[in-house]
Amino acid sequence: MPTLLLRAASALLLTLTALNAPAAYADDVTPVAVTVNARAALATVPGTGIGSNHAIWDTNLGTDETADRLKDAGVKMLRYPGGSYSDIYHWATHTAPGGYVAPNTDFDTFMRGVRRTGAQAMVTANYGTGTADEAAAWVRQANVTKGYGIKYWEIGNENYGNGHYGSAWEADDHADKSPAEYARNVVAYADAMKAVDPTIKIGAVLTTAANWPDAITADGDSGTWNKVVLSNAGSKIDFVILHWYPGALDRAGHVTDMIQLTRQQLAKYVGPGSERIGIAMTEFNTGSSSNGANTQPGALAAADAYATLLANGVFTVDWWNVHNGIGTVTQVEGHTDYGDFGLLSSGTCTSDNSVCEPALNTPFAPYYALQMVSKFARPGDQFVRAATDQAKVVAHAARRPNGDLAVMLINTSNDTSYPVAIDYSGYTPAAGAPTVLTHTNGATGITTSTGGTAAGQTLPPLSLTTLVLHPASPQTGLPGAPGQPAASQVTDTTATISWPGASPGSRPIAKYELYRQHGAVSEQLGETSGTSLTVNNLKPGTRYTVNVIARDSGGGLSWASPPLTFTTGTPASSSCSVRLTVTTDWASGYVGAIDITNNGAPVSGWTLNFGWPRSWQSLGSGWGGVWTQTGSDVKVVNEAGNGALATGATATVGFVGNYSGPNVLPAVFTLNGSVCTTR
């Protein structure tokens, strides 16, 4: 992350649109249908999930009041020494040449605050102006001399921002600023630091899908930043680091692809065993011109993003920042937005003193979003699928080890109170009114009450609501959850799914049931008395997420297994084959070349069809054929006089593809109606 001054400058570039105060609320008479599916399990909530960044330019970094505020918000991870300052900071002298170091922000002061908060520490070692020996000495001081037991250590901050791709905000004294040089140093840092304490976890910086400079290959490099770093340093790291500033309320829909593409890169470039490598989102903030940095719309986006990231297996999401400072002041949804990227007020004023923030450490709205998420999804809970039929209402759900179920509902409408009708699959809530936690626009806390029913609530405009439900019957004597499934022998239409067996409860296990997640609905793919099942009739080039559930001889059901995601291929042999090559990419679009080979009988005319996997993808232009797009479907027809394809002949077409989210490439192509083999 850039320094405070650079972040402030960036904030000034964001033109915050002043929104009118909401009018009288209008009630929608049609209840929003909410589906909660306990059979469709996602990730387990980690103990480090809710995090935030500290910075050495923040005088209040180590105060008891700050630590107590963070503890009350449920913060379990604190990152130090602060974004881009990490690459100029020298821990032994507590100096950052070229930057401001506030009093009472040294490492020991930070750790006192971490312990008072009840959190763990994420420490960023100085890559830009430091050395592997300096980082190793920090590990020795922290874990050997002081006994702090710090587990997570990053190597540098946003080191791709060192000028190698054009823009430069990150300090880097290395003559070679390439990803290959960064990877070489990651190996050296990891070796030196783990020689001191072999139990620590080392993290390497990656680019985030569809965020600059992701997908760009610079001159002289053998590939993108991620490809080079993972190929050369993957064996030495324990987690990878992403940063994300989505800037809009509706970007949580990008998360699943963002994380899945990262995992695919890990599998491709690190190879076998890459599943051991975790994913950390060590900087995140939603502030933007469209929702405000520290008012309620930003809080709603924060809650949605935190829940979505954690449900997809990210082990920490760290807000930027605890304190940040006043920026561009606007009015957003009836309240003053100070353009401050902090969770807590810095108590600062504009340069002309015309506007001042509230008193120091006053929580901004995103603070309550983190607090709500920490109450909704606690460490050890298991996220399960939830969905709604109204774009303005978002749902998340998590199942607790004691059998309770929590449902978090987010109403992003600024003028409509939505009633919701909640349907539960794989879970039967107890009768009676549930516990309801609520945070509304402008509120200075989360209220707790008892009201409504498990099936029906009304959501105020711009609100966060969490229901805590108890099961209708005791959750005792049930089987344990099956272990992590794995896929093998995956073809275009089949896959074999295997899993570690579940521990029996009070009755023997009778069978296992395999379910596919289809949105918030589960589709049973089969059942078996064993621990392996071959599934047929799958669709080519399709991503599947499945869970396994154990059923005992009395009909009792276990929790769902952890999720497994796999993607089917295309036919091993076909009358046609296609190779898609990305020739250049600029992180929001790319030039693609498609080689079409006819493996069947000669044809005198051809039509190639494929679909964009995501709504944020589109065709810019095309050549080598006549290109058209209808909805998400793309069609390429041979040009006049260029339709003949003999057996074994290849035609090549090209196009510009645009994207504004994670770029999942087309995987299934048909030639004259036949599904081709994708090479």
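A polar contact is a pair of N or O atoms within 3.5 Å; inside a protein, one of them must be able to donate a hydrogen and the other to accept it. With that in hand, welcome to this predicted model, and to a buried aspartate that puts the definition to use.

**Aspartate 381 and its partner**

Aspartate 381 sits in the loop that links α9 (365-376) to β13 (382-388). Is aspartate 381 buried or exposed? Its relative accessibility is 1%, and buried means under 20%, so aspartate 381 counts as buried. Its side chain makes a polar contact with the side chain of arginine 400, at 3.5 Å. Beyond residues up to four places away in sequence, aspartate 381 touches Ala43, Thr44, Val45, Phe376, Ala398, Arg399, Arg400 and Pro401.

**The chain as a whole**

Let us step back and look at the overall picture. The protein chain holds 9 helices and 37 strands. Its radius of gyration is 26 Å, close to the 26 Å that the globule rule gives for 679 residues, so the chain is as compact as a globular protein of that length. Along the principal axes, the C-alpha atoms fill a box of roughly 80 × 65 × 55 Å.

How much of the chain is buried? Buried residues make up 55% of the 679 residues. Of the contacts with a separation of 6 or more, 72% are between residues 24 or more positions apart. The accessible surface comes to about 25,300 Å², and carbon and sulfur atoms account for 51% of that surface. The chain also carries 38 positive and 50 negative charges, whose mean positions are 8 Å apart.

**Two buried places in helices**

Threonine 66 belongs to helix α2 (residues 64-72). With a relative accessible area of 0%, threonine 66 is buried. A polar atom of the threonine 66 side chain lies 2.9 Å from the backbone oxygen of asparagine 60. Leaving aside neighbours within four places in sequence, the contacts of threonine 66 are His54, Asn60, Leu61, Val322, His323 and Asn361.

Helix α6 (residues 225-233) has its own set of buried residues: Trp225, Asn226, Val228, Val229, Leu230 and Ala233. What do the buried residues of α6 pack against? They pack against two helices, α5 (179-196) and α7 (255-269), and two strands, β7 (201-205) and β8 (239-244).

**Unusual backbone spots**

Most residues other than glycine have a negative phi, and most peptide bonds are trans. Here are some places in this model that depart from that pattern.

| Place | Backbone feature | Value |
|---|---|---|
| Tyrosine 80 and proline 81 | cis peptide bond | omega about 15° |
| Tryptophan 320 and asparagine 321 | cis peptide bond | omega about 20° |
| Leucine 462 | positive phi | phi about 45° |
| Asparagine 672 | positive phi | phi about 50° |

Where do these residues lie? Proline 81 is in the loop between β4 (77-80) and α3 (107-117), and asparagine 321 is in the loop between β10 (316-319) and β11 (330-332). Leucine 462 is found between β19 (456-459) and β20 (463-469), again in a loop. At 3% relative accessibility, leucine 462 counts as buried. Asparagine 672 lies in the loop from β35 (669-671) to β36 (674-675), and its 41% relative accessibility makes asparagine 672 partly exposed.

**Toward the end of the chain**

Asparagine 672 appears again as a contact of glycine 605, which also touches Asn638 and Gly643 once neighbours within four places in sequence are left aside. Glycine 605 lies in the loop between β29 (589-598) and β30 (607-611). At 29% relative accessibility, glycine 605 counts as partly exposed. How far apart in space are glycine 605 and glutamine 331? Their C-alpha atoms are 60 Å apart, and 274 residues separate the two in sequence.

Arginine 679 lies in the segment after β37 (677-678). Its relative accessible area is 52%, and exposed means over 50%, so arginine 679 is exposed. Arginine 679 is in contact with Ala572, Ser577, Val578 and Arg579, leaving aside neighbours within four places in sequence. From arginine 679 to alanine 252 is 32 Å between C-alpha atoms, with the two residues 427 apart along the chain.

Key
Residues numbered from 1 in each chain as written. Predicted model: local features only at pLDDT ≥ 70, side-chain atom pairs only at ≥ 80, totals over all residues. Heavy atoms only, no water. Helix = DSSP H or I, 4+ residues; strand = E, 2+ residues; numbered from the N terminus. Rg over C-alpha atoms; globule rule 2.2 N^0.38 Å. Buried < 20%, exposed > 50% of the residue type's maximum accessible area, 1.4 Å probe, protein only. Contact = heavy atoms within 4.5 Å. Areas by Shrake-Rupley, 256 points an atom, 1.4 Å probe, with all protein chains shown as cover. Lys, Arg positive; Asp, Glu negative; His and termini not counted. Charge placed at Lys NZ, Arg CZ, Asp CG, Glu CD.
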